[in-house]
Each structure stands twice: as structure tokens, then as C-alpha cells.
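Biologist: Please take a close look at a single part of this model. I should like a connected account of one residue and of the pockets.

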Amino acid sequence: MDPALKEELHESQLFNVPRLVEHLFPDSVLPLAVDELAEQLVNERSFYWNPKRETWAGCPDLTDPSQDGYVETNLAVFLNAIGTAIHEISKKNSNAKVPSKRRRWDMSTSTKPLPGGPSAARKPDLILIEVGETPSWTTIKVTAELTSNIEIKHQQHNENQLTNGACMVFSSQDERRFHIGVSFCQTEVRVYVFDRAGVVGSVKFDFQKEPKMLIRLLAGLTLSDPSAIGFDPTIRHGPGGKRFVTVADKEYEIIKTLFISDNIRGRGTVCWHARFDGTDYVIKDTWANVFKELTEPEIMKMAGDVEGIAHIVAEEIVQVNDRDDTTANIREVIDAENYHDRDLHADLVIQAHRRIVSTPLAEGLPYFSTKKELVSVLIDAIEAHRRLVEEKKILHRDISMNNIMMYRPTLPEAQPNPTDEGDTHASSIQPHSTDAGESSQMRKGILIDLDCAIVMREDGRVSNPATIGHRAGTLPFMALEVLMGLPNGEEQKPRHDLESFFYVLLWICWHYAGPNNAERQNFDIMRTDIETWIAGKTFVKVGRCKRKDMRSDEEIFDDSVLSLFAPYFNDLKPCVERLRKKMFTETDEEIKHQDMIDILEETRKALPDTEDWTPDHDKEGYGLTGSKKRKLKSYERTLEVIEEEAEELPLEPPAKRRKRAPKIEKRSRWTKPIPANIHGMTTRRKARLQFRGLATSGLTCAPSCNL
């Protein structure tokens, strides 16, 4: 298993759960009851069952080690034969619920990587797809792994492979509620369900000794409604490949997918560009912790019409089979009192499937068109943060590059408001004034993602004492005091978010060669001194390394931080130095919003309105991803939101810590309309430093779109 996944799923795996298969596939979701199917499949006259030996006829010898996919091929033929028989029996019964599209097992990827996924070369032994579909990670329904040995280490190997496959599925398909994986250890079968709370695994059964269990499993996997195997039934598919989703009784057309989270456990955020009645929206599909005192929609409603904050239009908890869609539904089969690991079961977070519709539709910060626009957007975001704090007493707590977006304001003319009373339309966000000669096309900055936000009292302290002593944020952008651990009784304050804005500017200057999402092609932060900002063994050690750089003299700061800037950003170095001094060296007073705005505004006015930078004329050898210039092998990781108790926890398992960045094999690049993770560090499939499993209330990747 990928070490990042191992840490992510730490203490969220519930194995050896009795009756899990029956819970997933009761008779009510099958075309016919299992007993009816068994009457024709498991009897003396059946072609499929050998009554003398009490074994399935045609079952391959699964004790043979696989060579060149031979055993996988035979197993797929065997399973498909039973599946076809179940389908034919069901079609003859007028009361049977037979789907229009049948599924089949495919073994073609057991010897070659399955295409269509985000960069990792995975080769699942068997996959379940619809008849007529081309095998890929975007079409896969179920994965299965096979081993010829029943020893525990081989069982665990199957579990690991299925976990890797589940992560690929979640990263490739935006209609997934959960994913099912099947493990064959010879004739011993285990079924695993991967969802946003972790993994649930069944007790094993021997399909030679329990033929009805195999019938139930195959009937459920191949002939049940797609919702029974993890798909979202609330997304409607129309002609021409169009998709529609209903939120609060309004049906929105999904125009395109903006973002898919690449984790299993956590919020699993998916974002869509959606449209209703000619107006564009963003729909955030996410799995939220049900135990949070205030949900993100509630905080967004409290924020109301604050300028520069994403405005909520509608929200709801997704309903499946007339009940709230939560991770508790899978786990309700567990007998909590008698389960062998009651403490682990009791400590699990329940995630509820929620959708939030918001405006405006925005674009990621790396798509700035000029340095002037970049600085202007940062000013807008800081001003929005000030309004949120001063007017609504809301503290964001997760300022990161992915949560600062850009949008082009609509004209102030009145337009029909498609929302209910109290909701806010994008047209209420007005364009900001510009100086004479400044481009009128400059976009505005906006803050998104209030999932980690808290409400403060009038005296500036938090209203919920439970948040005191908890870290929140995305690691590279977390403030020194938050990393080092706040004193007892202290909580995060606005100055910590302002410090995060500063780190966002640094991150952009390090990782981008120029405007319009031009990633640097020869920069790897894990081969620089800044590696210590994100690769320390504990949060405190990360904080100490960052503090050393921030509070150093000018010469050291220039050598360790400013020297890493791409040449395009050289004229921002004086601004960065002034911000650093204001925050860390000049005074003991807390930095204020206006302090940062004044420095950034002075810089903005001095920058040109237009620029002539192009990747083709960049003599330093940077350039756009996908150009002919060579991209150096980079050290990959995922940066995600952390919300956990301020303890001295390791950032990675001791056994997995590495002293140097591992080499990354050459791969094809996976692109999205809006990047799924921090630029310069692509998908987390090959990550070796991770912060998974540290969140007490679930994990997440901060989405790169308007949430």
C-alpha cells in the first residue's frame, strides 16, 4: 500500500465484520432472492455445482501461482459463467428486476496497467465493468485481487492492492459514494467497502463450502442497481452525455468537473461547474463530519453577503433510499457491543454526504495574468478576510493557495435572483475601482472553503472552547505559532491567517515560472532548504525550521528563501522582504490587515499593467507543462487540510521516514481544468511524506475551485 494511504486509513479499518455481504446485497436489491437462484444453480441437476464433491464445476485451481494472467483469466471465465447463469435465470422470471446493462469480469489489466487514472501504473487482477465498456479507471465498477496463498501476509497484500485501487477509483470518478473490492485467497473470499470514513471488511467465506454466499455476492455485484455498488443515484444522466443533479428542488446541469479529491478517507470533495437557468454556479459535493458544532453551510450563511467571500445559494444532505446518505449506513451492520474492536468502532467519525451550491464561479490563483493581478487578488482576499473577522466574527483558519480564487465580477445591473429569500446571487458582488490606466479586465480575489472556520466572540476569542488547542490549516501555509503549539487556553487568531497569506505568496513565487499557470519545470522544493518546512518529523520541528528562516538576517533570508524565486518574480522580492520584517523582526506588535494591504498596495501600483513574458522566450529554461522543455523529476506529495489536537505527533510513520527524496519514475502528466493539488507537487500516488491520519475530524484536500 502507498505509505500515504496507509497513514490516511490508520485506525479507520474495521475488519472481520459478520454479515457485511448480506447487508450490502439483501434480497431486496437482487433480481431474485438468493434461495430462488440457488434452487437452479446449486442442486443435483445443475451444470454449475458438483453435488458429489460439493464444489463449483469449472472452478480453476486457485492454488496455482499466476503466470502471465493465466489464473486470472480462468477465474474471470468461471465468475462470468455463474453471472451469466444468474442473469438468464432472472430474465425468465417475470417478477425479477433485471437491469438493462449487465456487468462482466475482465482480466485484461492483470498484466498491464489500467489506463485512465491519475498517473499511477496499477494492474488490478480483475475488474468489473459493464458489457461493452472499455476497461479504464473511469469505467471500473469493482476491483478484485487474487493470491494462491492463504497466509496472512498474502491476505494483507490483497488488502493493500485493493486499497490502492480504491484510491484510483475515487480519484477518477466523481459519482462515487463508496467502492467495493473483493479478495480471493484461493477459495477464501473477503469483501471490502471503502468510503469516506475508512474501510469495512467482511469475515471470510469459502465459496466452495458456501455457494449461496457466492451467488449473493455475484448477483449483487453484476445485477443490482449501481447505487448498491457505490454509485450516486441522485445524478441523472441525460441524452448526449449530459448530467444533472438536484439540490434543494432545483435541477442543475453539470457542465464539467472542476475538482476530484484524491483521498479515500475524509471529505472526498468533488466540485462541479453547474448551470441553472443560464446562470453559472459551483456545486461542492462533500462528506462532512456530523459532529461539528457548525457546518460549513451554516458558517457561509452567517457570512451572508460579505464581499469577497463565496456566497451560498442552496445546500442539502443527500438522500439515498429516503434516508440521509452517511458513512454510518454501511457500518450499522456492526454489532457495537460484541464487535472485537469496540473502541475503534466507537471512535470513528461519521461523514454525511452534503452538497453546497455557491457563487461566483472562480478560477485558481495560479491562473493570474500578471504580477499586478496576482498582488491585487491577494489584497482583495485580505480585505475579504478583514470583513469576515470584523463584521461577522468569523475566522477562516485555512488560508492556502487553493482557497484564494479569482473571478470576474458581473456588472451591477439587476438580474433575476434564482435563490430563495436570504440567498445571495453572484450579481451582488460588485467590481472594485481601479486607478487610471489600470486594466479594467483585472479579476477580483475571493476566499472560499469555510469548513475549518470558527466563530469568535465579541472579545475576539472563539465561541466554541472545543477548538482551543487544535491546529487547523494546510501545512506549508500554517503560522509559526500554530505549528509550534499555542499556549494552553489560546486559539488561532487573525494574525495567524495573515501569516498564511504571506506563505501563499512565497509558494507562488517558488513554484511558478510566470503567469497563466506556468509551473516551473526545474524546481523541486524537496531538494531545497525549504524542505524542512514540510518534511520535519513533528509539527514543532517544522515550526522551528520555518521560524529560523523567517527571523534570520537579510543575507540568510535572501539565500534560503528569496534566491528560490523564479526570475519572473524578482521584482516582488522587496515586497516579500518588507512583509517578512513587518511580521517577524521589526516589532512585537501583531500585524494587522491594513499593514499587509499597505505594503501590497504600494507594490501593486509600481507594477506594470501588461507584461510580455512567454515560456518560449524564457531563457532560464522554465515553461509551461507539456512543452518540449524537459521537466525534472520532482518529489511528489499532497498538501491537505489538517485539523487536529496540538500534540507532538509525527508527520509520518517512523518506519516510513526517509532522509532524502526518492526518485520518481517518468510518467505521463494528468491535467485538469483546475488543478487538484498544490502545483509543483502533483498527485499523491507516489508520495512518501504525508500528513494523512492526523485529523481528528476527517481529512481533506483543499479544493481548487469555488466552494
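Modeller: The account below takes Arg103 and then the two pockets. This is a predicted model, in which local features need pLDDT of at least 70 and side-chain atom pairs count only at pLDDT 80 or more, while totals for chains, interfaces and linings use all residues. Residues are numbered from 1 along each chain as its sequence is written, and side-chain values use heavy atoms, with hydrogens and water left out.

Arg103 lies in strand β4, residues 103-106 (strands are DSSP runs of E, at least two residues, numbered from the N terminus). Arg103 is buried (under 20% relative accessible area, 1.4 Å probe, protein chains only). It has no salt bridge (a side-chain nitrogen of Lys or Arg within 4 Å of a carboxyl oxygen of Asp or Glu); Glu130, the nearest side chain of opposite charge, is 5.1 Å away. A polar atom of the Arg103 side chain does lie 2.8 Å from the backbone oxygen of Leu221, and the Arg103 side chain reaches the backbone oxygen of Thr222 at 3.5 Å.

Glu130 appears again in the largest pocket, being among the lining residues closest to its centre, with Lys141, Glu175, Phe231 and His237. The volume of this pocket is about 740 Å³, and its lining comprises seven nonpolar, eight polar and ten charged residues. The second largest pocket has a volume of about 580 Å³. Its lining has 13 nonpolar, eight polar and eight charged residues. A pocket here is an open set of points on a 1 Å grid over the protein atoms alone, where a 1.4 Å probe fits, with protein on both sides within 12 Å along at least five of seven lines; lining residues have an atom within 4 Å of a point.

Terms used
Helix = DSSP H or I, 4+ residues; strand = E, 2+ residues; numbered from the N terminus. Buried < 20%, exposed > 50% of the residue type's maximum accessible area, 1.4 Å probe, protein only. Lys, Arg positive; Asp, Glu negative; His and termini not counted. Polar contact = N/O pair within 3.5 Å; in protein donor to acceptor, adjacent residues only side chain to side chain. Points joined across faces, edges and corners; volume = space filled by probe spheres on them. Nonpolar A, V, L, I, M, F, W, Y, C, P; charged D, E, K, R; others polar.
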